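Let's walk through how some parts of this model pack together, question by question. Have the structure open as you go.

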Amino acid sequence: MPRLVLLSGWGVDRRIWAPLEAHWPADIDVLSVDWPGYGHQLALPENASLDQLAEAMVDRLPEDAVWVGWSLGGLLATALLDTLPAPRGLVLLGAGERFCADDGVSNDELASFRRAFTRDPKVTWQHFLRWQAQGEPNPRHAHRQLQALLGDQPSADHATLATGLDWLATLDNTQRLNTPVCPVIRLVGEHDPLVGQRARDRARRLAHAGHCPMLSKPATLAAVLAEQASALAVKDTV
């Protein structure tokens with residue numbers, strides 16, 4: 001049975017995938033997991049390294065599955081290919097080689113966001129939810145969905161969120177994706193405000209969606225992910 005492991009992004013835990021639950025085909029095994037410090041998972045030490053992250057995730061990222069990394073989750077999943085056994089495939093959802101891009105979120109914008117986070121983490125996180133909802137067909141509705149799923153504060157502590165912002169600022173997977181150790185599929189909402197145009201041009205686009213297609217297009221996203229998992233499972237047995 002094809003397996004999918006779903007990995008969420010910065011400031012967001014596994015509850016973000018809940019809208020897909022009603023749309024998965026019966027023949028797909030799906031597991032959503034939290035990164036360290038999110039939900040009920042123990043946090044890593046402050047300023048943790050990718051090696052420490054890999055050690056914490058090794059039992060939650062099986063090699064006989066397709067990993068689906070959304071946003072920062074895609075960046076981290078790609079980076080972990082250096083140290084963890086390669087999966088059957090990697091799906092990057094709303095993620096490219098880097099978070100910042102000349103035609104997307106600029107380094108200055110991210111630096112400004114990080115300064116705001118230092119001043120008021122909760123308000124900045126709430127602003128990030130609104131930012132992510134932009135590009136959806138109904139941004140206000142998408143934001144309300146995020147609030148209903150996640151509540152009014154992040155499930156991760158300050159140190160975990162700060163380390164995540166460090167990774168957003170510094171991770172560059174260009175070389176890893178130039179010579180990937182497993183098949184890589186790129187998916188992006190056609191109106192994603194957090195992904196630059198060049199990265200969108202290299203990906204399969206999800207029509208009428210932004211950065212959160214699991215909210216605006218859950219049936220479509222579930223079908224596409226199941227299709228990719230099944231195709232990669234077949235390849236693996238040939």
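Q: Leaving out residues up to four places away in sequence, which residues does L4 touch?

A: Keep in mind that this is a predicted model. With sequence neighbours up to four places away set aside, what's left for L4 includes L225, A226 and A229. The rest of the list is W24, I28, D29, V30, L31, V66 and V68.

Q: Which helix gives the most to the largest nonpolar core?

A: That core has 73 residues, and L4, W10, W17, W67, M214 and L225 touch the most other members. The top helix contributor puts in seven residues. It's the helix spanning residues 218–237, α10.

Q: Is α2 roughly parallel or roughly perpendicular to α6?

A: Helix α2 (residues 72–80) and helix α6 (residues 158–170) have axes 10 Å apart and pack at about 75°. Angles of 65 to 115 degrees count as roughly perpendicular. So α2 sits relative to α6 as roughly perpendicular.

Q: How many of the residues in the contact of α2 with α6 are charged?

A: On the α2 side you've got L72, L75 and L76, and on the α6 side G164, W167 and L168. They split into five nonpolar and one polar, and the number of charged ones is zero: there are no charged residues.

Q: How is α3 oriented relative to α4?

A: The axes of α3 (residues 107–119) and α4 (residues 121–133) come within 6 Å and cross at roughly 140°. Roughly antiparallel would take an angle over 145 degrees. That makes α3, relative to α4, oblique.

Notes. Residues are numbered from 1 along each chain as its sequence is written. This is a predicted model: local features need pLDDT of at least 70, side-chain atom pairs count only at pLDDT 80 or more; totals for chains, interfaces and linings use all residues. Side-chain values use heavy atoms; hydrogens and water are left out. Axes are lines fitted to C-alpha atoms, for helices over the stretch in contact, and angles run from 0 to 180 degrees between N-to-C directions. Helices (H or I, at least four residues) and strands (E, at least two) are DSSP runs, numbered from the N terminus. Angles under 35 degrees count as roughly parallel, over 145 as roughly antiparallel, 65 to 115 as roughly perpendicular and the rest as oblique. Contact means heavy atoms within 4.5 Å. Ala, Val, Leu, Ile, Met, Phe, Trp, Tyr, Cys and Pro count as nonpolar, Asp, Glu, Lys and Arg as charged, and the others, Gly among them, as polar. A nonpolar core is a set of buried Ala, Val, Leu, Ile, Met, Phe, Trp, Tyr and Cys residues joined through side-chain atoms within 4.5 Å. Buried means under 20% relative accessible area, exposed over 50%, partly exposed in between (1.4 Å probe, protein chains only).
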